[in-house]
Amino acid sequence: EDNPFIAGAMHGVGEPEVVINVGVSGPGVVLSAIERQKSHGQRMDFTTLSETIKRMAFKITRAGELIGREVVARLGPPVRFGVVDLSLAPTPAKGDSVAAILEAMGIERAGTHGTTAALFLLTDAVKKGGIMASSSVGGLSGAFIPVSEDCGMVDAVRVGAITLDKLEAMTAICSVGLDMVAVPGDTPPETIAAIIADELAIGVANTKTTAVRIIPVPGAKAGDSVDLGGLLGELIVMDVKPFDVASFVRMGGRIPAPLTSLRN
């Protein structure tokens, strides 16, 4: 519920009959803010960088809040205002890339060492800036990293900077999980099940939303490219570890419910 980026979740059983949710998707705006700050020639440290992102997140979230409430006022009852979702959601268009933001922050290629820390700084700053601009922040409000839908991510996979392992680490920070990832068509189903299980474990351990949108491409091998077109972008088939996990996956039963007390 309360998630304008996932159409089926907008009208859950706890939602009103007619609701206006606002999705603020601004990778390009955040990228421009960072590049503008750098062009002034001032030295940027992590605090300055975070403050730059926070200020821009505040502006675009406030705009979304005011526009959404104005739409509700003009439409009148029974329309109600829902939430503003702060998620940075990329598209294949140049300049609309989360990976490009990470690279503007000083990472040569998204996926290299330091990427997870940069993604954390970005996501945290967006949330801190947005939460002050709206009384109704909801949805996932994080950074999406769908590989094929982000031209910067596609380029990073192509040069080997992003691997499945690094993506998995990044999903401990970002919204959702392994998203729009292509693997060879002959990948064993047990291996795919193990990838899904790893993401579930990350979600449970971090009390966050995780999911897997993985696409086996028949006849393809690692490095091959598939153009899906439109907003789905380009798939670069990623390498999967060749080691057998069937004995673990086929063990069956249930992993016991996690301990929710004694956390530290």
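Start by selecting Gly 160, just after helix 5, where you will find a positive phi of about 90°. Keep in mind on this tour that the model is predicted.

Now step back to helix 5 itself, residues 151-158. This helix is mostly covered, with six of its eight residues buried. Colour Cys 151, Gly 152, Met 153, Val 154, Ala 156 and Val 157 to see the buried ones. Next, show helix 3 (98-104), helix 6 (164-170) and strand 6 (234-236): the buried residues of helix 5 pack against these elements. At the N-terminal end of helix 5, pick Asp 150, which acts as a cap. One of its side-chain oxygens is 2.9 Å from the backbone nitrogen of Gly 152.

From here, select Leu 167 and display its contacts beyond four places in sequence: Ile 145, Val 147, Met 153, Ile 162, Leu 178, Val 181 and Met 238. Leu 167 also belongs to the largest nonpolar core, which has 50 residues. Together with Ile 53, Met 105 and Leu 122, Leu 167 touches the most other members. Highlight helix 4 (residues 115-131) too, since it supplies the largest share of this core, six residues. A second, separate core has five residues, among them Ala 182, Ala 220, Leu 235 and Val 237.

For the last stop, select strand 3, residues 177-184. Eight of its eight residues are buried, so the rest of the structure largely encloses this strand. Add strand 4 (residues 211-217), which runs parallel to strand 3 and is joined to it by seven bridges. Pro 184 has Val 217 of strand 4 as its bridge partner. Finally, trace the chain from strand 3 through helix 7 (residues 189-206) to strand 4: this β-α-β crossover is right-handed.

Technical notes: Residues numbered from 1 in each chain as written. Predicted model: local features only at pLDDT ≥ 70, side-chain atom pairs only at ≥ 80, totals over all residues. Heavy atoms only, no water. Buried < 20%, exposed > 50% of the residue type's maximum accessible area, 1.4 Å probe, protein only. Helix = DSSP H or I, 4+ residues; strand = E, 2+ residues; numbered from the N terminus. Pairing = 2+ DSSP bridges. Right-handed = clockwise from strand over helix to strand, strands pointing away. Contact = heavy atoms within 4.5 Å. Polar contact = N/O pair within 3.5 Å; in protein donor to acceptor, adjacent residues only side chain to side chain. Core = buried A, V, L, I, M, F, W, Y, C linked by side-chain atoms within 4.5 Å.
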